[in-house]
Each structure stands twice: as C-alpha cells, then as structure tokens.
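Good morning, everyone, and thank you for making time for this. I would like to take you slowly through one model, so please keep the picture in view while I talk.

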Protein chains: 2
Amino acid sequence: MSDTPKDDLLDIDKFLCFSVYSAGHAFNRVYKPMLEALGLTYPQYLVMVALWQDDNQSVRSIGEKMYLESSTLTPLLKRLEANGLVSRKRDPKDERSVRISLTDKGKELRKQAEDVPLCVFEATGLDIETAKRLVRDLRALRDRLDGGLS
Amino acid sequence: MSDTPKDDLLDIDKFLCFSVYSAGHAFNRVYKPMLEALGLTYPQYLVMVALWQDDNQSVRSIGEKMYLESSTLTPLLKRLEANGLVSRKRDPKDERSVRISLTDKGKELRKQAEDVPLCVFEATGLDIETAKRLVRDLRALRDRLDGGLS
DNA sequence: TGTTATTTAATCGCGCACGATATAAACTTG
DNA sequence: CAAGTTTATATCGTGCGCGATTAAATAACA
C-alpha cells in the first residue's frame, strides 16, 4: 500500500542479492560438519564432484564449470593434492595446461561422500519441484548477471 | 527416463547448492565495479545499507541481520572506520558492546549509492514477481538450513 | 623462419568468512 | 560482596575468491 513502485524495486533488489548471499553461507554451514569427516571444505567438495563426474580435467575446464579463476583453483587443487586426493600433471600434448586426475584415494572418497547430497537436500526442507524451480531460476539469474559483463 | 528418484534427488541437491554458490559470485561481480566508485566492497555495501536503514547499531545487531560473526565484522568495520564512513564507540551503558554510527561522510555516501540497486535489478533481467518469489524462497531456504543447526 | 600475439597456470596482495580462543564487562548466586 | 557464569567484542589461523601481474608454451603470420 505505502510502497511506490520505486521503493518496491529497491527493496526487492536489496533483498535478492542478500538472500542469495546469506543462503550461500547457510549452505556452507550445513555442509561443513558433514565434509569435515571427509577432510574437505565446501569448495573442495564441489571440485571433487566435478572430478567424480569427469576425471582428468584441465584447470581451465574446472574453472569454467565452477566459474572460478586459476588464482582460486591453483591453491585449492594443491591442497587437494597435498591431501592425496588428486594429482596435477602438465599435459604432454600442451605443456601450458595442467591436468587434474583423481588418485585412488580420491576415487574412494566418492563412496564415503555418497549420502551427503541426500542429507543436505533433507536439510533444505524443500520438495523436489520447488528445488527444481529454484535451480532453474538461479542458473538463469547467474547467466544474466554474468552475461551483462562479457 | 534413465533417472531413478534417487539420482534425481542427488542431481537436484548438487545443483541447488551450486546454483546458490555461483549466483552469489555473479552478484559480487556485478556489484564490484559499481561499488568500486564508492570505495566499498560488496559485504561493506551490505553493512552500509543496514546502517542507512538503522543507524547506531551494535556489532551484535549487525551480525544478527547479516548472519556474520564478530570475527568477520570487526575487521570489516575497522576498514569502514579507516575510510571515515563509520565511528566505533563503546556503549557507555554497556561497555561490552560497540556501537557503530554513520559519520557525515557515511551518510553522504547514501546519495551516491542511490542508483546502485536499480542498476543491479536491471542486470538481473527479472520481473518484479519472479524476484519477489525468489527472495521468499531463498529466505525460507536459509532459515531452514540455519534452523536445523541450532 | 622469426617475431608477435594468444593461451594457460601460477603468484601476490587484499578482503571476506569462520572456528577457536582470549579478554573484559556484566550478571547470578551463594 | 566474592566466585563463577554468560555476554560482547577482538584476535589469530586457515581457506576461499578475485584482479593484476608474470612466465612459459603454443599459435599465427609476415
């Protein structure tokens, strides 16, 4: 009633960016205790999922899928390497790129991480349809936001 | 066809956490160049918005609204203080708490930041109804995720 | 061919974000 | 009022996340 269209816009925008921001932190808080048992952080877990889906990727390929820069990934991957989960080798066919492969230990971890997604999904309290719609909306949002920059 | 209900669940969950994660980064990327002109980072901007709405808050109060710990806010607020945007003073009525107040410069900045929200909203490419629904869903999601921990 | 331009990672500095811990003020009990 | 507890902020260490820069390898082309 008291809102002008402009106030409405400003409010929505403020809370949209913030609702994404704080929901991201909330996810982190839920994942953290579960992943601690696996010796992974939340971003490390996401990288491992990408590798479980598609092993032996270049840093560049992982970066494109995760929307992360090499300045973020290089140290993260070195930590995964130090924990014995992945190996980092220069590609013989193109020495500029580094290929990331799962070690046996890294492949093993997949089994131990098997029930994490379901636990998190239950923590969201969402039904499948709402979750699907949220995923669709957020991916479209991200692509719009990123698209405007390129 | 090939998806069992379980696969379905796992996929949705994986992408829900990731879609929030990557949308958060995308927002950051859109805000960054706009806020650079104001000398603010994205989290600093959110704190300033909280103060523009309600001046002279305690660190604790800001932390509750932002879902951030004092270990995050203290250095952030010191940077805002160093930039002359806020003042930090112990509350005489309770010397444990620190009250954060906007300086004149901090109040001035509000005008310069006035058109940021609309620019960002336009970058989202969303209509008001979709944005409102997203905000509602994400806040509910965050509260569910956080609620399970307490 | 040799020179230039592009691509790919790595490095560095800064600013979050949080858990664990510390410290000091305020409250609670006996 | 003294001793122990709870509260509010600060400090420290670790790990992202990114822009700017660097270095090395490859591609492009005159």
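**Where the two chains meet**

The contact between the chains draws on 48 residues from chain A and 48 residues from chain B, and I should say at once that what you are looking at is a predicted model. If we look at the side of chain A that touches chain B, we find that helix 1 (5–36), helix 2, helix 6 (116–124) and helix 7 (128–147) of chain A each supply at least two of its residues. Helix 1 of chain A gives the largest share of that side, namely 21 residues. Sorted by class, the side of chain A that touches chain B has 30 nonpolar, eight polar and ten charged residues.

Let me turn now to a single helix.

Helix 7 of chain B runs over residues 128–147, and because each of its 20 residues should add 1.5 Å, counting one step less than the number of residues, the expected span is 28 Å, which agrees with the 28 Å between its end C-alpha atoms. Which residues of helix 7 of chain B are buried? They are B:Ala131, B:Leu134, B:Val135, B:Leu138, B:Leu141, B:Arg142 and B:Leu145. Seen down the axis of helix 7 of chain B, these buried residues fall within an arc of 135°, so they line one face of the helix. The face turned away from that buried side carries the exposed residues B:Glu129, B:Arg136 and B:Gly147.

That leaves the DNA, and I will take the strands in turn.

Around DNA strand C there are 24 residues, and the closest of them are A:Ser58, A:Arg60, A:Ser71, A:Ser97 and B:Ser71. The surface near DNA strand C receives at least two residues each from helix 1, helix 3 (59–66), helix 4 and strand 3 of chain A, and likewise from helix 2 (42–53), helix 4 and strand 3 of chain B. Helix 4 of chain B provides the largest share of this surface, with four residues, and by class the surface near DNA strand C divides into five nonpolar, ten polar and nine charged residues.

Which residues, then, come nearest to DNA strand D? Of the 24 residues around DNA strand D, the nearest are A:Pro43, A:Ser71, B:Arg60, B:Ser71 and B:Ser97. Here the largest share of the surface, four residues, comes from helix 4 of chain A, while the residues of the surface near DNA strand D divide into five nonpolar, ten polar and nine charged.

How values were computed:
Residues numbered from 1 in each chain as written. Chains lettered and ligands numbered in written order. Predicted model: local features only at pLDDT ≥ 70, side-chain atom pairs only at ≥ 80, totals over all residues. Near = placed C-beta within 6 Å. Nonpolar A, V, L, I, M, F, W, Y, C, P; charged D, E, K, R; others polar. Buried ≥ 20, exposed ≤ 12 C-beta atoms within 10 Å, placed from the backbone. Arc of directions from axis to C-beta. Contact = placed C-beta atoms within 7 Å.
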